[in-house]
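Here is a short tour of one protein structure. Please look over the sequence and the model before reading on.

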Amino acid sequence: NRTMHARIALIRTASRIIIAAIALAFTTHAALAEEAKPTLADVLQPVIERHHGDAAVAIKNLRSGESFEYHGDQPMPTASLIKFPVMIATYEAIEDGKISLDDVIELKAEDQVEGSGLLSTHFSPGTKLSLRDAIRLMIAVSDNTATNLVIDKIGLPTTNQSMAAHGCKETQLNSKVFRRDTSISPERSRLYGLGSTTANDMIRLVERLYKHELVSQAASDEMLNHLFACEDKIKVPRLLPTGTRVAHKTGSVNESRTDAGFIDSPAGPIAFCILTNKNQDQRWTDDNEGDTFCAEVGSTAYKYFNAKDGRPAPAIAQTLQMGAAGDLVEALQRTLNARIQPAPGIGVDGDFGPETENAVKKFQSQNSLTASGVVDTATWKALGPLVMSEEPVGRFTCSIGWSITPAARTTSP
């Protein structure tokens, strides 16, 4: 019996040792895994360091609170991004009863300025529109003339007063768009152009808007609707999974590209602000480095927060077929022209018609795929990296729907 009890005690002791060893192994493995998991800084810093120009970046997951900033308090030019604070100040004035969204504004010849938008190129003096519609044009298509109409309605100093009240003292509107003669801060106009902000200021504003803390819930929802309608898709939205919604406002001038807002992601809303200045690449093409930098930062943040088991979330493959249209179809058409030998020379018009379908079938046949004419996952894989742009020509068509000559390729001064 003594021998048996001794054996049982020995077995129990051995079991405890084994269990402790296993627990230690799991604990060590978990610790190592946690230690090996990259941080948000680990994945974003290399992207920032590759950019040829000055940059300020701030990212924040509004659900988890995890954040990153790089030069977050450094004042930078906004270009047309300043139109976002102008919208905030306008809705505050509406809430205060000073103006109404239904107020009618009459367009005059002297109001029409160059650059992005529709009112100067497609509408005649005497056109009447509501303040609501002017705000929509200011945000959705970055209309410079509409912006000045909104600024006239609230008063030039109002935006800066609003931003100071929100603790965003570096976020300032310096003048009306393409009207440097109206500057209320000539020195800041010289340094920053139309306006200035910091990445942290923008994150603060985006978060407060998302939480409906700036104005009433109804007014906040209207502002979010305007931001979701932004038609500039070549910056942060560019590399995100198909169908991802982004509420944002962008800006573009020769030296600067900017984008701020939030990505509606499964892991929670990802607030972002990307500011660039003194960019080496000042081309007005779809592959401008400032634009692609914004896209890469947005994509990197999205993949980081939506990773599974430390692995990036899978991209969503979009099937294209006859009847499809848009920027992705244009990229497909360019890519087919580059991949098929001899090149079919199909038109790059963004419409998936019979000519594009025949080219897809030819490519599929050349690559031993089923010649269905439908661009599925296997076809995308065979195509490889998409050709996003062609050599620039004398006239450039903006992605949001109007044409401008090289001399006027700016959205704000």
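The report below moves from the whole chain to its sheets, a helix pair and one loop residue.

**Basis**

This is a predicted model, in which local features need pLDDT of at least 70 and side-chain atom pairs count only at pLDDT 80 or more, while totals for chains, interfaces and linings use all residues. Residues are numbered from 1 along each chain as its sequence is written, and side-chain values use heavy atoms, with hydrogens and water left out.

**Overall**

The protein has 14 helices and 12 strands. These are DSSP runs numbered from the N terminus: helices are H or I with at least four residues, and strands are E with at least two. Of the 413 residues, 49% are buried. Buried means under 20% relative accessible area, exposed means over 50%, and partly exposed lies in between, with a 1.4 Å probe and protein chains only. Contact means heavy atoms within 4.5 Å. Among contacts with a separation of 6 or more, 64% link residues 24 or more positions apart.

**The sheet of 5 strands**

Strands of a sheet pair through backbone hydrogen bonds, either parallel or antiparallel. Here, two strands count as paired if DSSP finds at least two bridges between them. One open sheet has 5 strands in the order 2-1-10-9-8, with antiparallel pairing. Its edges are strand 2 (67-70) and strand 8 (245-252), and each pairs on one side only. From one strand to the next, the twist averages 5°.

Helix 10 (residues 217-228) packs on this sheet and touches strand 8 and strand 9 (257-265). The direction of helix 10 makes about 70° with that of strand 8. Strand 8 is mostly covered, with 7 of its 8 residues buried. A hairpin of 4 residues leads from strand 8 to strand 9.

**The sheet of 3 strands**

Another open sheet has 3 strands in the order 3-7-6, again with antiparallel pairing. Strand 3 (76-77) and strand 6 (172-173) are the edges, each pairing on one side only.

Three strand pairs are set out here.

| Strand pair | Sense | Bridges | Facing residues |
|---|---|---|---|
| Strand 1 (residues 54-61) and strand 2 | antiparallel | 4 bridges | Lys60 and Ser67 |
| Strand 6 and strand 7 (residues 195-197) | antiparallel | 2 bridges | Leu173 and Gly195 |
| Strand 8 and strand 9 | antiparallel | 8 bridges | Lys249 and Ala260 |

**A helix pair**

The axes of helix 5 (residues 131-140) and helix 6 (residues 144-154) come within 8 Å and cross at roughly 130°. Axes are lines fitted to C-alpha atoms, for helices over the stretch in contact, and angles run from 0 to 180 degrees between N-to-C directions. Helix 5 and helix 6 are therefore oblique to each other. Angles under 35 degrees count as roughly parallel, over 145 as roughly antiparallel, 65 to 115 as roughly perpendicular, and the rest as oblique.

Helix 5 contributes Leu131, Ala134, Ile135, Leu137 and Met138 to the contact, and helix 6 contributes Ala146, Thr147, Val150 and Lys153.

**A loop residue**

Where does His51 lie? His51 sits in the loop between helix 2 (40-50) and strand 1. His51 counts as buried because its relative accessibility is 7%. Leaving out residues up to four places away in sequence, His51 touches Thr276, Asn279, Glu289, Gly290 and Phe293. His51 and Thr292 are 241 residues apart in sequence and 9.7 Å apart in space, C-alpha to C-alpha.
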